[in-house]
Amino acid sequence: MKRDLIIDFDGTIADSSKRIYNLFNERHRLNGVPFKREDLKWNFAPYITEKEDRTECLSYFGDPKMYEFLDWTDEYAKEAIAELSKVYNIIVCSRRERGAYEPLLEWLEQNMPCEYQTCFLSTFDKGMVGRNGSVIIDDKPSCLLGNKDRYKKVLFGNYGYQQDEILEMGHTKVQDLNENLVRCNTWKDVLKELK
């Protein structure tokens with residue numbers, strides 16, 4: 001029987017933050033500041049600082065324009081997911097408000113290279129998804145907490161907010177996070193780790 005592979009969407013499968021930055025830049029002109037994912041904070045700082053602007057950025061998750069030019073996180077993502085689907089049940093998992101399902105479902109239907117299931121949550125906690133022995137991949141360290149019965153937890157990417165989140169965690173949470181944790185900056189790394 002195949003294990004479940006639970007894959008977060010934003011920041012793991014798709015480069016959502018870059019697309020949000022580009023959309024915001026098109027609409028408001030951010031003085032041409034070059035986008036670097038490694039500098040990005042989860043709340044879009046240092047690129048977007050005003051609370052109203054951040055609220056606008058979060059609204060993009062339900063905007064079909066967000067998905068028109070949405071890129072994979074890296075050039076190996078699609079190929080790696082297709083390869084992993086041979087040995088895992090792929091479950092794409094994302095936190096979404098009810099009105100924001102459709103554009104994401106359309107993107108997945110047009111772009112995913114294999115069979116998959118979807119799971120939408122109203123919380124960032126993905127611990128309730130999948131069976132014992134499954135693997136979970138996410139770009140947010142806090143989404144990997146509480147997953148002790150996982151075969152493996154993969155912290156994906158190299159983003160500024162990851163270290164910030166880890167520094168804000170207490171000792172017990174850091175221990176929980178590190179249990180069965182591997183770090184993979186690219187999908188090539190993920191494939192090597194999980195194949």
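Where does valine 129 lie? I began with this residue in the predicted model, and I found valine 129 in the loop between strand E3 (117–121) and strand E4 (135–138).

**Entry 1: valine 129**

I next asked whether valine 129 is buried or exposed. Its relative accessibility is 6%, and because the cut-off for buried is under 20%, I noted valine 129 as buried. Leaving out residues up to four places away in sequence, I listed Ile6, Ile91, Cys93, Cys119, Leu121 and Arg150 as the residues that valine 129 touches. I also looked up a long separation: valine 129 and proline 34 are 95 residues apart along the chain, and their C-alpha atoms are separated by 36 Å.

**Entry 2: the cores**

I then turned to the nonpolar cores, and recorded that the largest has 45 residues. Leu5, Phe9, Ile137, Trp187, Val190 and Leu194 are the residues with the most contacts inside this largest core. There is also a second, separate core of 13 residues, and this one includes Val129 together with Ile91, Cys93 and Leu181. Going back to the contacts of valine 129, I saw that Ile91 and Cys93 are among the residues it touches.

For leucine 5 I looked up the contacts beyond four places in sequence, and wrote down Leu84, Tyr88, Asn89, Ile90, Ile91, Val135, Ile137 and Leu194.

**Entry 3: valine 92**

I placed valine 92 in strand E2 (residues 88–95), and its relative accessible area of 3% puts it among the buried residues. Which residues does valine 92 touch, not counting those up to four places away in sequence? I noted Ile7, Phe9, Ile13, Leu108, Met112, Tyr116, Gln117, Thr118 and Cys119. Against valine 174, which is 82 residues away in sequence, I read a C-alpha to C-alpha separation of 25 Å for valine 92.

**Entry 4: helices H4 and H8**

Two packed helices are described by the angle between their axes and the distance between the axes, so I looked up both values for this pair. Helix H4 (residues 77–84) and helix H8 (residues 187–194) pack at an angle of about 15°, and their axes are 8 Å apart. Since angles under 35 degrees count as roughly parallel, I described H4 and H8 as roughly parallel to each other. The crossing in which H4 passes H8 is left-handed. On the H4 side the contact is made by Ala77, Ala80, Ile81, Glu83 and Leu84, and on the H8 side by Trp187, Val190, Leu191 and Leu194. Sorted by class, this contact has eight nonpolar residues, one charged residue and no polar ones. I noted that Trp187, Val190 and Leu194 also appear among the residues with the most contacts inside the largest core.

**Entry 5: helices H1 and H2**

How do H1 and H2 cross? The axes of helix H1 (residues 16–28) and helix H2 (residues 51–59) come within 10 Å, and they cross at roughly 120°. This angle makes H1 and H2 oblique to each other, and I recorded the crossing of H1 past H2 as right-handed. The contributors to this contact are Ile20, Phe24, Arg27 and His28 of H1, with Asp53, Glu56 and Cys57 of H2. By class, I wrote down three nonpolar, one polar and three charged residues for the contact of H1 with H2.

Staying with H1, I looked up leucine 23, which is found in this helix and is buried, with a relative accessible area of 2%. Leucine 23 touches Tyr60, Lys65 and Met66 when residues up to four places away in sequence are not counted. For tyrosine 60, I noted that it is 37 residues from leucine 23 in sequence and 8.4 Å from it in space, C-alpha to C-alpha.

**Entry 6: asparagines 180 and 185**

I found asparagine 180 in the loop between helix H7 (171–178) and strand E6 (181–184). Its phi is near 60°, which is a positive value in a residue other than glycine, and at 35% relative accessibility asparagine 180 counts as partly exposed.

Asparagine 185 is found in the loop between E6 and H8, and with a relative accessible area of 46% I noted asparagine 185 as partly exposed. Setting aside its neighbours within four places in sequence, I listed Phe156, Gly157 and Asn158 as contacts of asparagine 185. Asparagine 185 and phenylalanine 24 are 161 residues apart along the chain, and I recorded 26 Å between their C-alpha atoms.

Conventions:
Residues numbered from 1 in each chain as written. Predicted model: local features only at pLDDT ≥ 70, side-chain atom pairs only at ≥ 80, totals over all residues. Heavy atoms only, no water. Core = buried A, V, L, I, M, F, W, Y, C linked by side-chain atoms within 4.5 Å. Buried < 20%, exposed > 50% of the residue type's maximum accessible area, 1.4 Å probe, protein only. Contact = heavy atoms within 4.5 Å. Axes fitted to C-alpha atoms, helices over the stretch in contact; angles between N-to-C directions. Helix = DSSP H or I, 4+ residues; strand = E, 2+ residues; numbered from the N terminus. Parallel < 35°, antiparallel > 145°, perpendicular 65-115°, else oblique. Left-handed = near helix turned anticlockwise from the far one by under 90°. Nonpolar A, V, L, I, M, F, W, Y, C, P; charged D, E, K, R; others polar.
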